[in-house]
Amino acid sequence: MYIFQKGQVCDLKTRELTELLEMLDQKLSSLILESNKSEDPDALGLYDRAEYFIGIGFVAMQQYIADTMFNSKVSKKNALNLGNKSPKGIPYIAIINFAANWWKHEAEWDWFGEGEIDQQTFKDVLNVSGSVEYPLSNILSHLCAENELSLSLVIPKLESWRDEFIKYRQNQCNNNQYT
């Protein structure tokens, strides 16, 4: 949720999200440090644990997206096409959304069935991650570019999207179009 104060956006949810992502980053840093010291971090489940905490971060970001869109009458499809795009030409906000969906729903998918949503999410994730092994870690790495692996580094992408979303919503309201 956001409000306007003296021409500036006052985003009430960014602080909460930042606090959560910083806590998850501490856990992630600890796991990275532990895996760097380990002879076989994969066998110890350290990568799986990191993937779990990264997934929680993506779901929290997805909740932020939903909170920002609340009661806006802007279609989710249009909202997820806004904002800066990754080097692969995919809006960062869409990447965050399908990464969150992967984490939430992957365990319930019928991998050999014809489910349209699960197959599309699988394709989207694979397109960005390049691998089904630790896809959320790979996606976070993609979002962080050359920087360290950190969920908090994604906040500026969310804020940039939010600002563009607000402009888009205002234009739609001024034109009485809600798509």
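**An enclosed helix and its surroundings**

Helix α6 is largely enclosed by the rest of the structure, since eight of its 10 residues are buried. The model discussed here is a predicted one. The buried positions of α6 are Pro135, Leu136, Ser137, Ile139, Leu140, His142, Leu143 and Cys144. Right behind the helix comes Ala145, with a positive phi near 55 degrees.

Zooming out, the chain is built from seven helices and two strands, and the order along the sequence is β-β-α-α-α-α-α-α-α. Of its 179 residues, 42% count as buried. The accessible surface adds up to about 10,500 Å², and carbon and sulfur atoms own 50% of that. As for contacts with a separation of 6 or more, 63% of them link residues 24 or more positions apart.

The largest nonpolar core holds 43 residues, and the ones that touch the most other members are Phe58, Met61, Ile96, Ile139 and Leu158. Two or more residues come from each of α1 (14-37), α2, α4 (92-105), α5 (116-129), α6 (135-144) and α7 (155-174). The top contributor is α2, with 10 residues in this core. Leaving aside residues up to four places away in sequence, Leu158 touches Leu17, Met61, Tyr64, Ile65, Ile93 and Ile96. Two of these partners, Met61 and Ile96, also appear with Leu158 among the residues that touch the most other core members.

Helix α2 deserves a look of its own. It runs over residues 46-69, and at 1.5 Å a residue its 24 residues should span 34 Å; the end C-alpha atoms sit 35 Å apart, so expectation and model agree. Just after α2, Asn71 takes a positive phi of about 60 degrees. Ser72 then falls in the loop between α2 and α3 (76-79). With a relative accessibility of 3%, under the 20% limit, Ser72 counts as buried. Its side chain reaches back to the backbone oxygen of Met69 at 2.8 Å.

A second serine shows a similar kind of contact, this time inside a helix. Ser35 belongs to α1 and is buried, at 10% relative accessible area. A polar atom of the Ser35 side chain lies 2.9 Å from the backbone oxygen of Ile32. Not counting residues up to four places away in sequence, Ser35 touches Pro41, Leu46 and Tyr47.

Tyr47 leads on to the aromatic rings, which form five pairs in the structure. The rings of Tyr47 and Tyr134 have centres 5.4 Å apart and planes at 75 degrees, so this pair is edge-to-face. Because Tyr47 lies in helix α2 and Tyr134 in the loop between α5 and α6, the pair ties together parts that are 87 residues apart in sequence. Tyr47 itself is partly exposed, with a relative accessible area of 33%. Trp102 and Phe122, on the other hand, make a stacked pair, at 6.1 Å centre to centre with 25 degrees between the planes. Here Trp102 lies in helix α4 and Phe122 in helix α5, so the pair ties together parts that are 20 residues apart in sequence. The two partners fall into separate burial classes: Trp102 is buried, at 8% relative accessible area, while Phe122 is partly exposed, at 23%. In addition, Tyr52, Phe53 and Trp103 form one aromatic cluster.

Helix α5 also holds Asn127. This residue is partly exposed, with a relative accessible area of 40%, which puts it between the 20% and 50% limits. Setting aside residues up to four places away in sequence, Asn127 touches Lys88 and Ile90. From Asn127 to Ile139 there are 12 residues in sequence and 9.7 Å in space, C-alpha to C-alpha. That brings the account back to α6, where Ile139 is one of the buried residues and also one of the core members that touch the most others.

Technical notes
Residues numbered from 1 in each chain as written. Predicted model: local features only at pLDDT ≥ 70, side-chain atom pairs only at ≥ 80, totals over all residues. Heavy atoms only, no water. Helix = DSSP H or I, 4+ residues; strand = E, 2+ residues; numbered from the N terminus. Expected span 1.5 Å × (residues − 1). Core = buried A, V, L, I, M, F, W, Y, C linked by side-chain atoms within 4.5 Å. Buried < 20%, exposed > 50% of the residue type's maximum accessible area, 1.4 Å probe, protein only. Contact = heavy atoms within 4.5 Å. Areas by Shrake-Rupley, 256 points an atom, 1.4 Å probe, with all protein chains shown as cover. Polar contact = N/O pair within 3.5 Å; in protein donor to acceptor, adjacent residues only side chain to side chain. Phe/Tyr/Trp six-rings, centres within 6.5 Å; stacked < 30°, edge-to-face > 60°.
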